[in-house]
Amino acid sequence: MNAARRIMLAGALCWSAATAFAADTPWTDKCTEQTRLFTGSAHQAAGLKCEDCHTADPKTQTAKDKQTIAESCAKCHADVRKMNPYGLPTDQLESYKTSKHGEALFSKGDQRVAVCTDCHGTHDILKVRSPEARTHPSNITDTCGRCHSNEKLMSQYKLPSDVVAKYKTSYHAHLVLKKGDFSAPTCVTCHGNHGAMPPGTKEVGQVCGKCHVRQRELFEKSPHAEAAAAGAGLFSECVSCHGNHAIQKASPELFQTSCIQCHAKDPKQLAVRTATVGLIRAAMYGYSQATTQVQAATIRGLPTDDDQLLLQEVKTQVTQLEALQHTLAMEQLKPIAAHADDLVRQTQADIAGLEKLEWWKRRGLIPVWAFLLSMAALFWAKRKQLES
Amino acid sequence: MNAQQPVSRQKFLDVLIGVGLAAWAAAFVAPVLTYVWPSQRRGPGTQTASAGKVNEFVEWQTKVVAVGSHPVIVVRTPQGFRAYSAICTHLGCIVGWDVVRHQIACPCHAGYFDINGRPVAGPPPRPLAEYGIAVVKGEVLVKST
Amino acid sequence: MSIYPKIRLWLNDRYDVATVEQFVDSQIHKPLPKETGFWHTFGSLSLFLFVNQIVTGVLLMIYYRPTTNTAFESVRYIMTKAHFGWLIRGLHAWGATLMILCVLIHMARTFFMGAYKKPRELTWVLGVAIFGCTVTFGFTGYLLPWNQLSYWATTVGTEITGAIPWAGQYLKTLLRGGEGVSGETLARFYVLHVVILPWALTGLIATHLFLMRVQGLATMVRFGEEKPIEKGHGVPFFPHHVLKEGVIFCLLIGALVTLIVLLPVELGEKADPFVTPEGIKPEWYFLSTYQLLKYFPKTIGLFVSLIPQVLLLLWPFIDRSPERNPHRRLWALGIGVVALVAALVFGLLGYISETTITWRGEKYELDVYAKPHKVCPAENGNAH
Ligand code: HEM
Ligand code: FES
């Protein structure tokens, strides 16, 4: 192929691509990067054309301010009639206006805040559920991070710029980013998306409780719940002990580091802590001990079916304890811990019984050898007798 | 020497050896026979367990039984018996029955499963695995499928 | 007792009972050379253990199910539910090990006593085939419980055939019944283990014994100078020699039962093709070959490890001097001892490779070649 033909072919391709989107608007049939990006986007799939957004040639048009952008998206996206066929909500602009982003933009004209296109993109907008979308759970953290990890920008608002980095160390992030478990929360699960706003001290429990229903329920019954209800930043529900962005998988260690933040000089409360963590630790230890024993016995080929069932029961008790301690009610924890302890003992006794049987087998070697040796002696004697 | 050796002593040795060999044979045959005799009604192929008699269950009554080393929850519904793995698909607690909600309930994080084993509330991510049920001569048998 | 004459009469009307009786009698009371001692019992011990494998193997087959979903579970059933299943499985698994041990000792005995020389070359060749069959029995049987160890040892073991030039990949696929070790492999190994090998071995053993009986046991006398045993000079096979064997049997069975009880055969964890356990090693009788293979590139290693086996098979045709007495066969004696020591050393190296040992208070990690690397306490867990 010679160069001329190649150029002609490329031109023809561009032309046909451009005309596919733009019927007769003269400025769109230039071969542009935008056309390429638009190809495959959600808007292309919906049959939109360039001039549906661009009312005039973008080259001659003055740059839009972000307010105009939001309103121009809303022309369709706030129109129930237009959105209904796609099953999309129409309240994005309304809720955006209630968000910190929206407030700053609409009341102060702040052009640095995020508007629709900052998160969704422009020509290459994709549906949230497509994995390449900037708004997909696996990408959203970085999308938020484009601004919220920018120290210079965040300092202008006196906001921390390490939240995304911290989140990425969390157990939630591990689930979303490493395990691909998209039911675990990203930024928007707690802060909202269009109505982005940090949950207040009071709402935090509600936010976490969306998923951790049982823990929330139990917490509500605890003395801590009253402290939280009293407000004044005294106690920030879940966050006070578990932290927020960098949240880790909870373990008994948490009792060592978190309780003293408020109760350092409070021996009575610390005693409750010690008792609680003691119960949980003991149950966990018993469970792991029994598990090791049962596993070893199973590998050796001892009949451990029943013990494996018992272990499952113990595990149920331990897991219940972990949830139940949110009530801080020892009288509720104690019976469960006692039950776990019982079950562990039962398992260990059972394994000991199996071991006893093994012991008897070993004991049995003595008569077996006695018999075999006397038979050997008899054979020997018989042979001697025959030889003589 | 041969002539002096008392015949009775020679006989005695033969008898001892004979008895010893007979004991030996018995010690071999006995374990083999017990080994061959079925130790339970079902062999190693299918794991089956009995959940008891049909008339031990009233409607909506449940029971957790062991199939091998796996707990299984058996429910009597008006349409018949259903059985599900009793290990919660969230963190593995043993589930029970919520009399009020008529649902399988997990005690640990308040996970609920409907009567088809599907999670309907709480954190469990997957349905409970279903087990087969056969009612044979009034006995409810649970088997892994 | 009193019923036998009647049966004999009935049979005698139809068959020539006297000839049969005469034959059996001559076989039972066949005189053995005076030199027949304890070392001569290892052949019958091997035979006894073979019978033990057949009997316990058949018993295991009652509950064993050779599919990937049921093999491990059925062995667990044998171990935990079936009455005395642990004993039957123990007899079979430890019996296998002892059988190989007895066959090895038996071979060493015939080697050092020069029993393989003319006219008994074929008895020796059959013996080597029997040894091969026995080891293959062990290799195929090891997979059957379908646990992690057996699965991965078989994966590594069959991988080695892939190194054979030209036909290796085909052989490997044929052996495995596919790309990797799978249910197909299990089925193949099972068929080999319970149908093909038992019959092959039965045939080989029968021929081996037949030749032994026809030619009589060898003595230390140079070949060509052997004379038939004079009447009244030999030791009758029954009851004299059998009683001697009885003594050894008692000890062997004691050892077998002791091993079963004190070092029970494990059930292990079910095979998991996605999790490779650390330090996979074959059964002890493959260790020396396995270790030897590591020091050479694949194909060369295979040929190197083949040399001793070929030598073993052809030995009676290589060493053709008439002398049997080891003192006058220093050359052969030397080779035998060196071979045994080499097998022991390589086996030991294989045993300790990929482990950590403590020597004079210092910790060493041994790599695959069993070369020690000191573990410095500061950087614990790091080799070098
Ligand atoms: C000819 C009769 C034989 C039969 C019918 C037989 C059958 C079986 C069966 C069904 C198994 C699986 C059960 C188990 O793993 O415990 C097995 C395993 C095994 N067999 Fe055999 N076998 C025979 C002979 C032999 C011989 C001659 C040897 C070796 C010298 C041998 C070595 C083994 C070994 C090493 C295992 C694995 C043992 C274990 O890990 O439990 N078998 N055999
Ligand atoms: S373990 Fe069942 S809900 Fe958490």
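This report covers two interfaces, the fold of chain B and several local sites in chain A of a predicted model.

## Chain B on its own

Chain B holds 1 helix and 10 strands. Along the sequence the order is α-β-β-β-β-β-β-β-β-β-β. The helix therefore precedes the strands, given that elements are numbered from the N terminus.

The chain has 145 residues, and 38% of them count as buried. Contacts with a separation of 6 or more were sorted by sequence distance. Residues 24 or more positions apart account for 37% of these contacts. Chain B exposes about 7,900 Å². Carbon and sulfur atoms supply 59% of that exposed area.

## Chain A against chain B

This interface draws on 21 residues from chain A and 26 residues from chain B. Chain A and chain B bury about 2,200 Å² between them. Carbon and sulfur atoms give 69% of that area. On the chain A side, A:Leu309, A:Leu378 and A:Gln385 lose the most area to chain B. Together these three make up 24% of what that side buries.

Polar links are also present. The rule finds 5 residue pairs in polar contact across the interface of chain A and chain B, both residues being at pLDDT 80 or more. It finds 1 salt bridge there. A:Lys382 forms a salt bridge with B:Asp14. The closest N and O atoms of that pair are 2.6 Å apart, which lies within the 4 Å cut-off, so the pair qualifies.

## Where the chain A side comes from

Which helices of chain A each supply at least two residues of the side that touches chain B? They are helix 16 (213–220), helix 22 (305–324) and helix 23 (330–387). Helix 22 gives the most, with 10 residues. By class, this side of chain A has 8 nonpolar, 8 polar and 5 charged residues.

Helix 16 also has buried residues. A:Arg214, A:Gln215, A:Arg216, A:Leu218 and A:Phe219 are buried in it. Their cover includes helix 15 (204–209), helix 17, helix 18 (237–242) and helix 22 of chain A. Helix 22 thus appears twice: it is part of the cover over helix 16, and it is a contributor to the side facing chain B.

## Chain B against chain C

Here 15 residues of chain B are in contact with 19 residues of chain C. The two chains bury about 1,500 Å² between them. Carbon and sulfur atoms carry 70% of that area.

How many salt bridges does the rule find across the interface of chain B and chain C? The count is 0. There are 3 residue pairs in polar contact between chain B and chain C, both residues at pLDDT 80 or more. The side of chain B that touches chain C has 9 nonpolar, 5 polar and 1 charged residues.

## A:Gln325, between helices 22 and 23

A:Gln325 sits in the loop between helix 22 and helix 23 of chain A. Is this residue buried or exposed? A:Gln325 counts as buried because its relative accessibility is 13%, and the cut-off is under 20%.

A polar atom of the A:Gln325 side chain lies 3.1 Å from the backbone oxygen of A:Glu322. Beyond residues up to four places away in sequence, A:Gln325 touches A:Phe255, A:Thr276, A:Ile280 and A:Leu333.

## Two alanines of chain A

A:Ala225 lies in helix 17 (residues 223–230). It is buried, at 12% relative accessible area. Outside its neighbours within four places in sequence, A:Ala225 is in contact with A:Phe219 and A:Glu220. A:Phe219 is itself one of the buried residues of helix 16. A:Ser236 is 11 residues from A:Ala225 in sequence and 9.4 Å away in space, C-alpha to C-alpha.

A:Ala264 is found in the loop between helix 20 (260–263) and helix 21 (267–300). This alanine counts as partly exposed, because its relative accessibility is 48% and that class runs between 20% and 50%. Leaving out neighbours within four places in sequence, A:Ala264 is in contact with A:Cys259 and A:Leu270. A:Ala264 and A:Val294 are 30 residues apart in sequence and 41 Å apart in space, C-alpha to C-alpha.

Notes:
Residues are numbered from 1 along each chain as its sequence is written. Chains are lettered from A and ligands numbered from 1 in the order in which they are written. Side-chain values use heavy atoms; hydrogens and water are left out. Contact means heavy atoms within 4.5 Å. Buried area is the accessible area (1.4 Å probe) that two parts lose on being put together, summed over both. A salt bridge is a side-chain nitrogen of Lys or Arg within 4 Å of a carboxyl oxygen of Asp or Glu. A polar contact is a pair of N or O atoms within 3.5 Å; within protein, one must be able to donate a hydrogen and the other to accept it, and residues adjacent in sequence count only if both atoms are side-chain atoms. Helices (H or I, at least four residues) and strands (E, at least two) are DSSP runs, numbered from the N terminus. Ala, Val, Leu, Ile, Met, Phe, Trp, Tyr, Cys and Pro count as nonpolar, Asp, Glu, Lys and Arg as charged, and the others, Gly among them, as polar. Buried means under 20% relative accessible area, exposed over 50%, partly exposed in between (1.4 Å probe, protein chains only). Accessible areas come from the Shrake-Rupley method with a 1.4 Å probe; for residues, only the protein chains shown count as cover.
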